[in-house]
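This briefing covers a buried acidic residue, a metal site and a set of aromatic pairs. Please look over the sequence and the model before reading on.

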Amino acid sequence: MRSYQVADFGAPLIETQAPTPAPKGVEVLLEVVAAGVCHSDLHIWEGGYDLGRGKRLSLKDRGIALPLTMGHETAGRVVALGPEARGVEIGKTYLVYPWIGCGQCAVCRRGDENLCSSPNCLGIHRNGGYADHILAPDPKYLVDLDGLDPIAMAPFACSGLTAYSALKKVSAGLSEAPLLIIGAGGLGLICLQILKGLGGKGVIVAEIDPVKRQAAARNGALAAIDPRAEDALAQLTAANGGPIMAAIDFVGSEETSSLAFNALGRGGKLVMVGLFGGAASWSLPLIPIKAASILGSYVGNLAELRELVDLVRAGKVAPLPVTRCALHDASKTLVDLRAGRFIGRAVLTPG
Ligand SMILES: [Zn+2]
Ligand SMILES: [Zn+2]
């Protein structure tokens with residue numbers, strides 16, 4: 001089996017060859033058809049996050065062991081089942097749910113493995129999809145992609161799911177008032193698509209890159225404004241016809257979170273998703289005065305992924321256009337992603 005691994009944080013990925021594993025117990029071996037390249041892979045590759053005020057979250061200190069095959073947006077064809085694996089078929093294509101927890105704690109038992117404090121995620125804590133094969137620990141993590149394009153579906157395991165779970169947190173009221181989305185990269189565009197499918201009123205986008213603002217407009221945004229414009233806040237309020245009641249920040253910088261917070265009306269909700277980094281600059285008394293809710297959203301749970309795939313299958317959510325890149329160009333693809341060269345998502349395909 002051929003894999004592209006992080007051997008040193010920040011260094012180019014290395015190609016490794018190893019025997020293809022034989023699935024044990026309930027494990028399932030899949031041949032990788034598509035592996036999405038996610039923005040969070042850049043943080044894993046670089047080894048951490050900027051927490052602001054000179055602090056840094058080091059992934060090495062958080063137990064991320066190298067070498068690691070990244071890739072948590074994987075679609076694959078089942079090629080072998082462990083002796084106790086049931087419920088999936090050899091030859092069929094599945095999306096692999098990567099946000100796996102300990103499976104034992106109360107959080108995992110209520111179905112939120114993505115929030116487990118002992119995470120064991122594919123492509124982060126154990127080997128993921130930047131390879132020609134991937135081992136899924138249990139058939140229950142495989143979502144049937146029958147009739148769907150696995151290459152277009154791969155990014156739904158992280159970016160699609162993240163957008164969907166964030167949207168669900170502000171779903172009350174989205175049919176009456178527009179939603180503010182900050183950042184029109186892959187996540188922002190998927191969010192636009194999903195909101196359309198859910199029958200939302202529409203989206204106002206704040207995005208610094210004019211090319212991405214155009215992409216947002218083409219995808220049906222009601223307005224796309226430049227958050228660095230001096231009158232950005234006034235433009236947002238004008239486009240919305242009043243203060244914003246729901247916002248999702250897919251960037252997560254000091255600049256974007258403060259714009260979103262300032263745009264919120266009384267009782268408004270801000271969902272923080274992006275991990276750009278920094279520290280919050282908003283004034284504390286305004287949180288109670290506005291009765292604002294500030295929520296974090298981290299990927300989504302397995303049930304949400306199944307709901308989302310069903311929405312795509314029902315034709316309510318269109319998969320995004322993706323750029324196909326060869327698996328052996330994994331390092332170059334990461335560099336291009338860091339440079340902001342993709343509209344939508346990049347997906348590695350072996351072969
Ligand atoms: Zn991701
Ligand atoms: Zn757990």
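Leaving aside neighbours within four places in sequence, which residues is Glu73 in contact with? In this predicted model, the residues in contact with Glu73 are Ala34, Ala35, Gly36, Val37, Cys38, Ala154, Pro155, Ala157, Cys158, Ser159 and Arg345. Among them, Cys38 and Cys158 are also protein donors of the zinc ion (ligand 1), and the side chain of Arg345 makes a polar contact with the side chain of Glu73.

**Glu73**

- Glu73 is found in strand β7, which covers residues 73-81.
- The relative accessibility of Glu73 is 0%, and because buried means under 20%, the residue counts as buried.
- The polar contact that joins the side chains of Glu73 and Arg345 has a distance of 2.7 Å.

**The zinc ion (ligand 1)**

- The zinc ion (ligand 1) has as its protein donors Cys38 through SG, His72 through NE2 and Cys158 through SG, and these lie 2.0 to 2.2 Å from the ion.
- Along the sequence, the donor residues of the zinc ion (ligand 1) follow the spacing C-x33-H-x85-C.
- His72 lies in the loop between β6 (68-69) and β7, whereas Cys158 lies in the loop between α3 (150-153) and α4 (159-169), so this pair ties together parts that are 86 residues apart in sequence.
- His72 and Cys158 are both buried.

**Aromatic pairs**

- The count of aromatic pairs comes to three, among them the pair of Tyr97 and Tyr141, whose ring centres are 6.3 Å apart and whose planes stand at 15°, so that this pair is stacked.
- The pair of Tyr97 and Tyr141 links distant parts of the chain, 44 residues apart, with Tyr97 in the loop between β8 (93-96) and α2 (106-109) and Tyr141 in the loop between β9 (133-136) and β10 (142-144).
- Tyr97 and Tyr141 are each buried.
- The rings of Phe261 and Trp282 have centres 5.1 Å apart and planes at 40°, and the pair is therefore tilted.
- Phe261 belongs to helix α8 (residues 254-263) and Trp282 to the loop between β15 (264-272) and α9 (286-290), so the pair ties together parts that are 21 residues apart in sequence.
- Phe261 and Trp282 are both buried.

**A charge over a ring**

- Phe261, which pairs with Trp282, also has the charged end of Lys290 sitting over its ring, 4.7 Å from the ring centre.

Technical notes. Residues are numbered from 1 along each chain as its sequence is written. Chains are lettered from A and ligands numbered from 1 in the order in which they are written. This is a predicted model: local features need pLDDT of at least 70, side-chain atom pairs count only at pLDDT 80 or more; totals for chains, interfaces and linings use all residues. Side-chain values use heavy atoms; hydrogens and water are left out. Helices (H or I, at least four residues) and strands (E, at least two) are DSSP runs, numbered from the N terminus. Buried means under 20% relative accessible area, exposed over 50%, partly exposed in between (1.4 Å probe, protein chains only). A polar contact is a pair of N or O atoms within 3.5 Å; within protein, one must be able to donate a hydrogen and the other to accept it, and residues adjacent in sequence count only if both atoms are side-chain atoms. Contact means heavy atoms within 4.5 Å. Donors are N, O and S atoms within 2.8 Å of the metal (3.2 Å for Na, K and Ca); water is not among the atoms, so sites may look incomplete. Rings of Phe, Tyr and Trp (its six-membered ring) pair if their centres lie within 6.5 Å; planes under 30 degrees apart count as stacked, over 60 as edge-to-face and the rest as tilted. A charge sits over a ring if NZ of Lys or CZ of Arg is within 6 Å of the ring centre and within 35 degrees of the ring normal.
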